[in-house]
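Let's take a walk through this structure together. Have the sequence and the 3D view handy, and we'll go from one region to the next.

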Amino acid sequence: MASPEPDAVLGSFGADPAAATIVAIGGRGPWLLAWERLRRDPVAVGCFVVILLVVAAALGAPLVAHLLGHGPNTQFRDTGLSAEGIPVGPSKKFLFGTDDLGRDVFLRVLYGARISLLAGVSASGIAVFIGVFVGLAAGYIGGIVDTVLSRFMDVVLSLPYLVFAIALVSLVGPSLVISIVVIAMFSWASVGRVVRGQALSAREKEFVESAQALGAGNLRIMVVDVLPNVLGPAIVYATMLIPLSIVFEATLSFLGVGVLPPTATWGNMLAESIPYYRVAWWFVAFPGLALLVTTLAFNLLGDAVRDALDPRGPLARTRKRRWFRG
Amino acid sequence: MTISKIRLTVTAATLMATALVVSACGSGGSNDSGTPARGGTLRLVGQGDIDFLDPTAGYNTDTHTLARAWTRQLFTYPASKEMAVVSKAVPDVATDIPTDANGGITDGGKTYTLHIRDGVKWNSSPARQVTADDFVRSFKRMCNPVAPVGAPGYFTSTILGMAAYCADESKIPGTAAALANFMNSHDLAGVQAPNPKTLVFHLTQPASDFIDIIAEPFASAVPVEYLKYVPNSPEFVDHVMSDGPYEITKYEPGQEIDLQRNPVWKASVDPVRKAYVDKITITQGVTPEAVQQQIQAGTADMPWDVTVPTPDIPGLTGDPNLTRNPSGQVLYSVFNEQSPNNSGALKNVKVRQALEYAVDKTSVSRILGGVKIAEPVSQILTPLDIGYKAFDLYPTAGLQGDPAKAKQLLAAAGYGSGLTLKFVYAKDTGAYPQIAQSIQSDLQAAGVTVQMIPATRSDVYGRYLANPANGKNGAWDVSLLSWTPDWFGNNGRSTLQPMTDGANYGPNSVDYGDYDNPVVNNLINKASSLSASQTAEVASTWSQVSMQSMKDAAFIPLVSQNLPLYTSSRVHNAVFLPINGNFDITNIWLSGGGQ
């Protein structure tokens, strides 16, 4: 996997020069080129497969529950716990063992994926939407609007988010919706900043001037001319925000200010497993692994998306290699 | 009645809850044979700090474990493995237990005359005899505005003039001079010292448990020197004086407390403390898991304020150093009988009775480590409490609950379509979240929808339970809490009275659900006004209160806890004191004198 990208860019020239003379080369836009690069990145493909599996687990959880004949909150007080209340280990009946209430850890990990994906995707979606909107407005309009919005973003970025989140949740009471709102509230500003910078440089470009000369309105210029030019970084941020949001949700649940028990979330499960880590490894290991694998997959995919969308910069991975070579 | 707060058995002790095994009295491990040896350093390790060093204010069980070593009271509880003995007060600084027969109790049970033991001394220089005035000072200082007594109700409801004295004293400025001036210029009618060796108490009405009330560490002797300092101030902490077997040599809050022998203390004038070890060190800031590992490794001797973590217990089966000690702590669920939710369903005794059947107490017990640690119970009283008589008004097979029966009874009460209950619990207290989920699952099986409200421990009390406005507006319906009486034996004033006396419902009442039955209120009034010579009648009255409160289904008793405690193998004669929730550190000896 030395560097497949040049081949990707050059298309079939390198592979079969003879064929190139025959097959007409279709026009390929930057999006298509990015997709081509992404498609040929084995890490990206691997991560994508992992994410698909997680999504399948999340969607298929009720089906698995139906097949197993019990729900994620069913407490097996006799078969799932020892007489002293210690969870039982992995077995045929409980693939990943049980937790401290005799519940099936396997099924709970699957159900936990639902919450994690829901929180991760929707929170980052909201954050990117707000971030793009505010960043675009600040960067393109400029002036007093820029000053006010930028300072506001600075304020949001400087808030100690965990303390603030805990305070907010203890005021309004914990729930999934509140968790998503809190995560989005603290994530949009970094997107906003980047988008503002992009918009700032884009509005000085000639195509914006020509649009203005043609009499286009500000809103039209923002949406039609500037927005596509800031979308690349926004998409990269979105993929990077998803794992962050998943971890954020798990943190809130872990601290008891996220999703209410008995709903299975990876954060809740990790919090419940703490006292048992020395006697019931499965209780902490499986939700922990699920969280690790999912966030790693999203993170690596995010890296790959960035590399694919930004052919000018060196690849993140090759850059590292060079650095190691000194 | 603002009498009794829930005793804060810090950390792990509250986390779990338990069972009372009558036969567990002899549970002191196997290390209590051999001839006691003197010497060595007893090393305690634990998590938190004491609440107040000032004995007047200190209310935590760990504070009282420490107080045992450096303070003395008129009466106290002996170190004994017999439940009947350990819950009965014996003389400490007083010479005898006053009775009608020995002339100690007169005026129909309203006057107590006590005599001060000769030779009990302060570690002042020169050493000075502890006098009756030191005890008068103790009571006069209780309602100081800075660090007042933890449970004023016990004293204001019994001692003549105490309520008025407290009301006045709590209004003075919080300076040492103002407090000394007030105490020197105001007489407390109910506590008099006609001479240095005689102390006389006058009560508002007979109180069969008065000996127990003044045996609490709140009523420790107070030397005249303490008037120079603001109570529990840094200056006070630097100048504490001891009349017990040990004196404090170092106190670093949250880190370490060290004690060494008090040279002026003599075993001959102390009937309860043997003081075998030379030094005691208390190290704080260690998690329960690490405490357990340190004690097992032998780098520490016993826990300070934590119990053995539940997951560790199965691995210690058969280990003689693990003991399970009946603590008298009861975990229970309380109903908010004022709640307007479900059109006031919880006001209906039939609804509450139905819910009694729903809960699987064996499951709660298992979460806490099994029936040896947490024994399912069917009333608020345990065998350590006066008036305990075994009964179960809501029996289910294997104590595992009977959701079908609960559902059927709910239907009969007119709630066949189900209820929706708000269940508030402390999410930061040990296994409470798991127990709450277990109960939630039980109630749902009986057709009840449960809305969980996890809150911090302080919010559970401050915002929900102890806040009548939130009780009336239905902010909560059911809660989960634990109760440890302040003393055992004749303790109705510290168990059923605060929990069931509806006549005193209000802010800070611990009758959280506003259970109010005139029959019970009358029984309580009767029990509280009987004299010490009528203890048998007192006991039967509290039995009736316990029975009636369960007939009315005021709460769902869940389990009562046997605290699992672990000691190092060199510890001998570790005797559990239920009032302190820990071993008596003044009676432990170490193998070979700690050498």
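How many residue pairs are in polar contact across the interface of chain B and chain A? The rule finds 11 such pairs, with both residues at pLDDT 80 or more. That confidence score is a reminder that you're looking at a predicted model.

Let's stay where the two chains meet. The pieces of chain B that each bring at least two residues to the side touching chain A are α10 (288-297), α13 (361-367), α15 (432-445) and β17 (448-455). Of that side, α15(B) supplies the largest share, with six residues. Sorted by class, the side of chain B that touches chain A has 11 polar, seven charged and six nonpolar residues.

In terms of contacts, 24 residues of chain B meet 24 residues of chain A. Putting the two chains together buries about 2100 Å², and carbon and sulfur atoms give 47% of that area. On the chain B side, P311(B), R366(B) and Q437(B) lose the most area to chain A, and together they make up 33% of what that side buries.

Charge plays a part here too: the rule finds four salt bridges across the interface of chain B and chain A. If you'd like one to look up, try D360(B) and R77(A), whose side chains meet in a salt bridge at 3.0 Å, N to O.

Now step back and take in chain B as a whole. It contains 20 helices and 23 strands. Its C-alpha trace spans about 75 × 55 × 45 Å along the principal axes. Does that go with a compact or an extended chain, and what is the radius of gyration of chain B? The value is 24 Å, and since a compact globule of 595 residues would have a radius of gyration near 25 Å, chain B agrees with that expectation. Of those 595 residues, 64% count as buried. Contacts in chain B also reach far along the sequence: among those between residues at least 6 apart, 75% join residues at least 24 apart.

For a close look at the inside of chain B, find helix α4, residues 132-140. Eight of its nine residues are buried, so this helix is largely enclosed by the rest of the structure. The buried ones are A132(B), D134(B), F135(B), V136(B), R137(B), S138(B), F139(B) and K140(B). Pick out S138(B), which sits in that helix. S138(B) has 0% relative accessibility, so it counts as buried. What does S138(B) contact, leaving aside its neighbours within four places in sequence? The partners are F218(B), A219(B), S220(B) and V222(B).

Over in chain A, a good residue to visit is T239(A), which lies in helix α10, residues 218-254. T239(A) has a relative accessible area of 14%, and because buried means under 20%, T239(A) is buried. Not counting residues up to four places away in sequence, T239(A) touches F298(A), G302(A) and V305(A). The chain also brings D303(A) to 8.5 Å from T239(A), C-alpha to C-alpha, although the two are 64 residues apart in sequence.

The side chain of T239(A) also looks back along its own helix. It reaches the backbone oxygen of I235(A) at 3.0 Å, and the backbone oxygen of V236(A) lies 2.8 Å from a polar atom of that side chain. An α-helix has 3.6 residues a turn, so residues three or four places apart point the same way.

Let's finish with some backbone oddities. Most residues other than glycine have a negative phi, and most peptide bonds are trans. Against that background, the peptide bond from P261(A) to P262(A) is cis, with omega near 10°. P262(A) sits in the loop between α10 and α11 (266-273) of chain A. Chain B has a cis peptide bond from S125(B) to P126(B), with omega near -5°, and P126(B) is in the loop between β6 (121-122) and β7 (128-129).

As for phi, D514(B) has a positive value near 55°, in the loop between α18 (496-500) and α19 (518-529) of chain B. A553(B) isn't a glycine either, yet its phi is positive, about 50°. You'll find A553(B) in the loop between α20 (535-551) and β19 (555-566) of chain B, where it is buried, with a relative accessible area of 0%.

Conventions:
Residues numbered from 1 in each chain as written. Chains lettered and ligands numbered in written order. Predicted model: local features only at pLDDT ≥ 70, side-chain atom pairs only at ≥ 80, totals over all residues. Heavy atoms only, no water. Contact = heavy atoms within 4.5 Å. Buried area = accessible area lost by both parts, 1.4 Å probe. Polar contact = N/O pair within 3.5 Å; in protein donor to acceptor, adjacent residues only side chain to side chain. Helix = DSSP H or I, 4+ residues; strand = E, 2+ residues; numbered from the N terminus. Nonpolar A, V, L, I, M, F, W, Y, C, P; charged D, E, K, R; others polar. Buried < 20%, exposed > 50% of the residue type's maximum accessible area, 1.4 Å probe, protein only. Rg over C-alpha atoms; globule rule 2.2 N^0.38 Å.
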